[in-house]
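Here's a quick tour of some aromatic contacts and the helix that goes with them. Have the structure open while you read.

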Amino acid sequence: MTTATPTSLTLVDFRKLPETKPASEFINGHIFQKPMPQGKHSRLQLKFCNAVNLVAEKERIALAFPELRCTFGDRSIVPDATVFSWERIILEVNGEVANTFNIYPDWTVEILSPDQRATKVISNILHCLKYGTQLGWLIDPEERLILAFIPGQEPMELTGQHPLPMPDFLTLELTVDQIFGWLKVNP
């Protein structure tokens with residue numbers, strides 16, 4: 001379970017601290033260390049980023065990033081996966097991806113770990129939506145369901161062959177069963 005460390009630090013002070021493994025997040029004046037990713041979590045994260053980048057990178061539509069720190073709205077969070085539309089990717093002068101993203105993602109994805117509280121993860125997704133994120137997913141491997149969050153709408157509980165919502169800039173057809181099918185590895 002993630003625990004909060006009360007702090008009198010500001011977000012600016014937090015950003016000066018060395019990174020932790022697993023990553024720590026700064027939320028409402030508290031520091032939370034994320035749980036260490038386990039097998040299912042890592043597999044889903046990898047396959048999600050690969051699926052998005054396979055259809056979006058070559059056409060310069062978007063890029064998916066695993067574990068990218070995003071700092072905005074007095075929080076510094078590290079979603080399990082983020083997707084940025086091409087024109088919003090932060091680049092250095094030389095055209096390389098920047099290390100610091102002080103903006104909200106266009107799409108945020110969280111994969112619930114067994115020892116993680118859903119309310120904290122949902123709070124981060126809602127924070128992203130408040131600042132402009134188009135879509136949030138909460139993937140729950142144990143329950144085999146995905147909660148989809150779209151600004152101005154009630155969360156959707158999706159299972160089975162239900163097609164998953166996508167941000168408006170990306171054409172990618174996936175179902176819940178396809179996402180959880182990524183967990184199977186053929187010997």
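F48, W107 and W137 come together as one aromatic cluster. Keep in mind that this is a predicted model. Across the whole structure, a search turns up nine aromatic pairs. Take W107 and W137: their ring centres are 4.9 Å apart and their planes meet at 80 degrees, over the 60 that edge-to-face needs, so the pair gets that label. This pair ties together distant parts of the chain, since W107 belongs to strand β8 (residues 107–111) and W137 to strand β9 (residues 135–140), 30 residues apart.

Are these two tryptophans buried or exposed? W107 has 0% relative accessibility, under the 20% cut-off, so it's buried. W137 is buried too, also at 0%.

The third cluster member, F48, is one of the buried residues of helix α2, a list that also includes H41, L44, C49 and V52. The buried residues of α2 pack against β4 (62–66), β7 (81–85), β8, β9 and α4 (176–181). What span should the 18 residues of α2 (residues 39–56) have at 1.5 Å a residue? The expected figure is 26 Å, and the end C-alpha atoms are 26 Å apart, so the two agree.

Rings also turn up under charged side-chain ends, as in these two cases:

| Charged residue | Ring | Distance from charged end to ring centre |
|---|---|---|
| R88 | Y104 | 4.1 Å |
| K120 | F32 | 5.7 Å |

In both rows the charged end sits over the ring.

Technical notes:
Residues numbered from 1 in each chain as written. Predicted model: local features only at pLDDT ≥ 70, side-chain atom pairs only at ≥ 80, totals over all residues. Heavy atoms only, no water. Phe/Tyr/Trp six-rings, centres within 6.5 Å; stacked < 30°, edge-to-face > 60°. Helix = DSSP H or I, 4+ residues; strand = E, 2+ residues; numbered from the N terminus. Buried < 20%, exposed > 50% of the residue type's maximum accessible area, 1.4 Å probe, protein only. Lys NZ or Arg CZ within 6 Å of the ring centre and 35° of its normal. Expected span 1.5 Å × (residues − 1). Contact = heavy atoms within 4.5 Å.
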